[in-house]
Amino acid sequence: MEKDWDIVEVLRHARHDWLNRLQLIKGNLDLNRIDRAKAVIDEIIIEAQHESKLSNLKMPLFASLLLKSNWENPSFKLEYEVLHDTKVDPINEDLLTKWTSHLFSCLNETIEAFQENHLSVTIDPESKGIRFFFDFSGIIIKSEVMNEFLSEPFSLLDIVVKDFTEREFALEVYIPYQKI
C-alpha cells in the first residue's frame with residue numbers, strides 16, 4: 001500500500017536530509033577537508049538541478065514517486081537525471097508511474113537489504129516520446145522474481161531489457177507522447 005504523504009511529513013524528511021548534508025559539509029570543514037566540503041556542495045547543486053528539470057517535465061505523479069523514493073525504499077538508493085531541459089508533450093503518466101512503482105516494489109522484494117544497491121534513472125525526452133533508462137547495480141537474491149516482472153508485457157510501454165545478471169540490470173523504457 002502506498003503511503004499518503006502530507007506536507008508536514010515531506011518537510012520533515014526534507015529538513016532531515018538538508019541537516020545531514022549541512023553536517024557533512026561542516027564536519028569536512030572542521031577536519032580542514034576543504035576540497036571534500038566543496039565536492040559535497042557541488043553534488044548538492046547538481047542534484048538540485050536534476051530535481052528542477054524533473055519538476056519541469058510536468059509529470060507530477062512520476063516526479064513525486066522519484067522524489068520520495070529514497071524515503072520509501074531504504075533497500076536501494078535512487079539517483080535520477082534529466083538529460084534535456086525541454087518542454088515535453090503529455091504522456092500516459094499514470095501508466096509510467098504505476099509501472100515504475102511496481103519496479104520499485106519488485107526491487108524491494110528481490111534485492112539483498114543493507115547492501116550497496118543503486119538504481120539510476122536517466123530521462124531522455126525525444127521528439128516523439130520519452131526514453132527512460134533504468135540501471136541497477138547491487139545484489140539481486142531473487143532473480144527469478146525480477147525476471148518474471150521484467151518479462152510481463154505492459155501495454156503502451158516499450159520495455160527492452162539490455163542486461164540482467166544477479167549484480168545488475170539495464171532497462172530501456174520508451175513511452176510515446178499522447179496524441180491530443
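**Salt bridges and strand pairing in the predicted model**

Lysine 26 and aspartate 30 sit four residues apart in helix α1, so about one helical turn separates them. The model described here is a predicted one, and this pair makes a convenient way in. The two side chains form a salt bridge, with the closest N and O atoms 3.0 Å apart. Both lysine 26 and aspartate 30 are exposed. As general background, side chains of opposite charge can pair when their charged atoms come close.

The structure holds six salt bridges. One of them joins glutamate 47 to arginine 21, and here the closest N and O atoms are 2.3 Å apart. Glutamate 47 belongs to helix α2 (residues 34-56) and arginine 21 to helix α1 (residues 7-30), so this contact ties together parts that lie 26 residues apart in sequence. Glutamate 47 is partly exposed, at a relative accessible area of 33%. Arginine 21 also counts as partly exposed, because its relative accessibility of 22% is not under the 20% that marks a buried residue.

Another salt bridge brings together the side chains of glutamate 43 and arginine 36, at 3.3 Å from N to O. Glutamate 43 counts as partly exposed at 44% relative accessibility, and arginine 36 counts as partly exposed at 33%. Elsewhere, Glu126, Arg131, Lys162 and Glu172 are joined into one network by salt bridges that share partners.

Attention can now turn to the strands. Strand β4 (residues 158-164) and strand β5 (residues 168-176) run antiparallel and are joined by six bridges. The connection between β4 and β5 is a hairpin of three residues. Two opposed pairs help to locate the register on screen: isoleucine 159 stands opposite valine 173 of β5, while valine 160 faces glutamate 172 of β5. Glutamate 172 is also one of the residues in the salt-bridge network described above. In a regular strand, the side chains alternate between the two faces of the sheet.

Strand β5 pairs with β3 as well, again in an antiparallel arrangement, and nine bridges join the two. Within this pairing, phenylalanine 136 has phenylalanine 169 of β5 as its bridge partner. How much of β5 is covered? The strand is mostly covered, with seven of its nine residues buried.

The loop between β2 (118-125) and β3 (129-137) contains lysine 128. Lysine 128 counts as exposed, because its relative accessibility of 64% is over the 50% cut-off. Although lysine 128 and aspartate 89 are 39 residues apart in sequence, their C-alpha atoms are 8.6 Å apart in space.

A last feature concerns charge on the surface. Glu144, Glu148, Glu152 and Glu166 gather there in a patch of negative charge. Among them, glutamate 152 is found in the loop between α6 (143-151) and β4. With a relative accessible area of 40%, glutamate 152 is partly exposed; this value is over the 30% needed for a residue to belong to a patch.

How values were computed: Residues numbered from 1 in each chain as written. Predicted model: local features only at pLDDT ≥ 70, side-chain atom pairs only at ≥ 80, totals over all residues. Heavy atoms only, no water. Pairing = 2+ DSSP bridges. Patch = residues over 30% accessible without salt bridge, like charges linked within 9 Å, V, L, I, M, F, W, Y side chains within 5 Å. Areas by Shrake-Rupley, 256 points an atom, 1.4 Å probe, with all protein chains shown as cover. Salt bridge = Lys/Arg side-chain N within 4 Å of Asp/Glu carboxyl O. Lys, Arg positive; Asp, Glu negative; His and termini not counted. Charge placed at Lys NZ, Arg CZ, Asp CG, Glu CD. Buried < 20%, exposed > 50% of the residue type's maximum accessible area, 1.4 Å probe, protein only.
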